[in-house]
Amino acid sequence: MDIQSLLNARESLNLFPTENRMSPRALAALASDATNRYPLLDLPEIFLGDVMGLEQVRDECVDLAREFFGAEYAFVPFLSGLQTMHSVISTLGYVGCRVLIMSPACGGHYATGPICEQYGYTYSYIPFDKSTLLIDVEALSEMVSTVKPHLIYLDISSAIRLPRSRDIRAAAPDAIICLDASHILGLLPAAPETFVLDGALNTCSGSTHKTFPGPQKGLLVTNDDAVAETLSTRLPFSVSSAHMGSVGALAITLEELMPNKTRYAENIMANAKFLASFLATSGFEVSGQEFGFTETHQVWIEMPAELPLSEWGKRLAAANIRSTTVMLPSSGRPGLRLGVQELTRVGMGKDEMGSVSELLSSILLKDAEPASLRSEVAKIANQFPDVCYAT
């Protein structure tokens, strides 16, 4: 088996909502000698002698994350979004506490409930209005008065609307509120009603490779002094090695994206709306028409009831179009959960969203042979070989 050839990118269009394209500089950091090294550690009982200056890379990454998100504190040692979730929940909760989380049927992460149980917590699902696809803050307020949660963990995974953080805080004034922004991390510079560290969220955390175009890693930001102190004390027992090559890649991505972070986020949101509108015009049943289809990077397409869950996904994959099929919160039926963040990252805009829509229509509605459209997919992909928003 030629493993190296399998690792090379194909001429494809990526509509996964969970992936993105890294810059050449960030990719180079992953292949550097730092990947196998530890930064300086000089304590009374131990000394690790770093001769590369990797602690400076770590400190610079922290400073860049603080600047990028406008936060007092940033933590970057996490290896993934799921490890970040474990660290937040285990650090800020206690055995027997009540946690409110998103139901997977309403877009929550599949692992959050089992993780809470693992740590000895009791959890309930946050009330969710499937007609608006928003948290039902009135019902949440009533629930909070009854169950008095210690922690609210907003694990936003499948979402075409952005949570209103101030409304959630008003419904739960005394709870610790943590936003897991893994999917929407790169959108936060253009989401002022969601990303509210002062007066709403105690923490904001998530993976760094979805709408945020960095390495597979995790980070957390907060303005809460007590939370920051607790995390600083506990994190050495959660992460012993931050994988310094990934820390360097994250620092480079933060630095490169900084001048364009808002424009990048806005363009992702605009492209999602363009794609959704084109798909609806083509005859697809697209969720969210009553509020403009989407507020995030995701677009949801309902599948015909008679089709197996993976049917449309397999047809698109045969044409070298990457996608995901899931049970959609809007209906509880199978559907495509698409994301436009990588297409935006390489510079595509409204015209290309129209071309992508035409391809999906040909393959899924007009039953064109998927393999026959690979050359058209490659033609579009090859027009955008480089990443943008990396100055």
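I began with strand 5 (residues 98–101), which pairs with strand 6 in the parallel sense over 4 bridges. The model is a predicted one. For the register I looked up Arg98 and found it opposite Thr122 in strand 6.

Next I looked for a helix on this part of the sheet. Helix 6 (residues 137–147) packs there, touching strand 5 and strand 6. I noted its direction at about 165 degrees to that of strand 5.

I then traced the whole sheet. It is open, has 7 strands in the order 4-12-11-10-9-5-6, and its pairing is mixed. I entered strand 4 (73–75) and strand 6 (122–125) as the edge strands, since each pairs on one side only. From one strand to the next the twist averages 20 degrees.

At the strand 4 end I checked helix 8 (residues 225–234). I found helix 8 lying across strand 4, strand 11 (203–207) and strand 12 (218–222). Its run makes about 30 degrees with strand 4.

I turned to another sheet, an open one of 4 strands. I read its order as 13-14-17-16 and its pairing as antiparallel. Strand 13 (285–286) and strand 16 (325–327) are its edges, each pairing on one side only. Inside this sheet I looked up strand 14 (residues 298–302) and strand 17 (residues 334–339), which pair in the antiparallel sense over 5 bridges. Glu302 stands opposite Gly335 in strand 17.

I also looked up helix 10 (residues 261–282). Helix 10 lies across strand 13, strand 14 and strand 17 and runs at about 15 degrees to strand 14.

For a helix pair I took helix 11 (residues 311–318) and helix 13 (residues 350–365). I noted a packing angle of about 120 degrees and axes 10 Å apart. That angle makes helix 11 oblique to helix 13. I recorded the crossing of helix 11 and helix 13 as right-handed. On the helix 11 side the contact is made by Trp312, Arg315 and Leu316, and on the helix 13 side by Leu360, Ile363, Leu364 and Leu365. I sorted the residues of this contact into 6 nonpolar, no polar and 1 charged.

Last, I looked at the chain as a whole. I noted 14 helices and 17 strands in the protein chain. Its radius of gyration is 21 Å, close to the 21 Å that the globule rule gives for 391 residues, so I entered the chain as being as compact as a globular protein of that length. Along the principal axes, the C-alpha atoms fill a box of roughly 70 × 55 × 40 Å.

Note on methods:
Residues are numbered from 1 along each chain as its sequence is written. This is a predicted model: local features need pLDDT of at least 70, side-chain atom pairs count only at pLDDT 80 or more; totals for chains, interfaces and linings use all residues. Side-chain values use heavy atoms; hydrogens and water are left out. Axes are lines fitted to C-alpha atoms, for helices over the stretch in contact, and angles run from 0 to 180 degrees between N-to-C directions. Helices (H or I, at least four residues) and strands (E, at least two) are DSSP runs, numbered from the N terminus. Angles under 35 degrees count as roughly parallel, over 145 as roughly antiparallel, 65 to 115 as roughly perpendicular and the rest as oblique. A crossing is left-handed if the near helix is turned anticlockwise from the far one by less than a right angle, and right-handed if clockwise. Contact means heavy atoms within 4.5 Å. Ala, Val, Leu, Ile, Met, Phe, Trp, Tyr, Cys and Pro count as nonpolar, Asp, Glu, Lys and Arg as charged, and the others, Gly among them, as polar. Two strands pair if DSSP finds at least two bridges between them. The radius of gyration is taken over C-alpha atoms; the globule rule is 2.2 Å times the number of residues to the power 0.38.
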